[in-house]
Amino acid sequence: AAKQIALSIDGRPDDYVLSLSADVEADVPAAGLAKPVAGRIHLAAAGGLAGTKISDASFSSSEGNLALSGVFGWGDGLTWNAKVDASSLKAKPFFPKLPLELSAGAASEGTFSAWSNWRAALSDVRVDGTIQGAPIRLRAAGSLDSARQVSIPGISLLLGKNTVSLKGKSD
């Protein structure tokens, strides 16, 4: 359900500005959630026929915040350059047997013009928090392309007292 909806669309299909905000609540018992998900959504975007720039797509609640921003194109194939951030995510209110608190984020960029010509990259992947009281920390970056070239400048994971690190390249 949505309440207090504010929607604004201005311009033409080739040059538009969009803004949306609303209070939302969703009860999804089939997902095994202990309580409904409730919070505020916000979207601010501008674009045209060949793509859009999302300056803010976010969800805020007492259990955490999610935010996405980026530029997405579809005029000559697909392109993206985006960033996602999550802060103070708490799973316990929804899944009482999963005491998990995280903050996370990542950036991604890529292109796709055909199955034979694409590239995707993740950078600045970071996760910090606790799971069942144990610290968790992840740092990662990597890329993959249609020529099956894989590059992983680094992945490091700390979970409790355990650590794993990986880096490499495959042609």
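Arg139 is partly exposed, at 23% relative accessibility, where partly exposed denotes the range between buried (under 20% relative accessible area) and exposed (over 50%), with a 1.4 Å probe and protein chains only. The structure is a predicted model, in which local features need pLDDT of at least 70 and side-chain atom pairs count only at pLDDT 80 or more, while totals for chains, interfaces and linings use all residues. Residues are numbered from 1 along each chain as its sequence is written, and side-chain values use heavy atoms, with hydrogens and water left out.

The side chain of Arg139 forms a salt bridge with that of Asp128, with an N to O distance of 3.0 Å; a salt bridge is defined as a side-chain nitrogen of Lys or Arg within 4 Å of a carboxyl oxygen of Asp or Glu. This pair links distant parts of the chain, 11 residues apart, with Arg139 in strand S9 (residues 134–145) and Asp128 in strand S8. Strands (E, at least two residues) are DSSP runs numbered from the N terminus. Asp128 is likewise partly exposed, at 30% relative accessibility. Salt bridges with shared partners join Lys83, Asp85 and Arg126 into one network.

Within that network, Asp85 pairs with Arg126 in a salt bridge whose closest N and O atoms are 2.5 Å apart. The two residues are 41 residues apart and link distant parts of the chain, Asp85 being in strand S6 (residues 78–90) and Arg126 in strand S8 (residues 117–131). Asp85 is partly exposed, with a relative accessible area of 23%, and Arg126 is also partly exposed, at 24%.

A further salt bridge joins the side chains of Arg119 and Glu109 at 3.6 Å, N to O. Because Arg119 lies in strand S8 and Glu109 in strand S7 (residues 100–114), this pair ties together parts that are 10 residues apart in sequence. Arg119 has a relative accessible area of 33% and is partly exposed; Glu109, at 38% relative accessibility, is partly exposed. The count of salt bridges comes to seven.

The largest nonpolar core consists of five residues, namely Ala91, Leu100, Leu102, Val127 and Ile136. A nonpolar core is a set of buried Ala, Val, Leu, Ile, Met, Phe, Trp, Tyr and Cys residues joined through side-chain atoms within 4.5 Å. With residues up to four places away in sequence not counted, Leu102 touches Ser87, Ser88, Leu89, Val127, Asp128, Gly129, Thr130 and Ile136, contact meaning heavy atoms within 4.5 Å.

Ala86, in strand S6, is buried, with a relative accessible area of 11%. Apart from neighbours within four places in sequence, Ala86 contacts Asn65, Leu66, Ser103 and Ala104. The C-alpha atoms of Ala86 and Ala34 are separated by 21 Å, the two residues being 52 residues apart along the chain.

Ser61 belongs to strand S4 (residues 51–61) and is buried, at 19% relative accessibility. Ser61 touches Ala38 and Gly39, residues up to four places away in sequence not being counted. A polar atom of the Ser61 side chain lies 3.1 Å from the backbone nitrogen of Glu63.

On the surface, Ile5, Leu7 and Ile9 make a nonpolar patch of about 340 Å². Patches are made of residues with over 30% relative accessible area and no salt bridge, like charges being joined within 9 Å and nonpolar side chains (Val, Leu, Ile, Met, Phe, Trp, Tyr) within 5 Å. Accessible areas come from the Shrake-Rupley method with a 1.4 Å probe, and for residues only the protein chains shown count as cover. Ile9 lies in strand S1 (residues 2–12) and is exposed, at 62% relative accessibility.

Notes:
Helices (H or I, at least four residues) and strands (E, at least two) are DSSP runs, numbered from the N terminus. A polar contact is a pair of N or O atoms within 3.5 Å; within protein, one must be able to donate a hydrogen and the other to accept it, and residues adjacent in sequence count only if both atoms are side-chain atoms.
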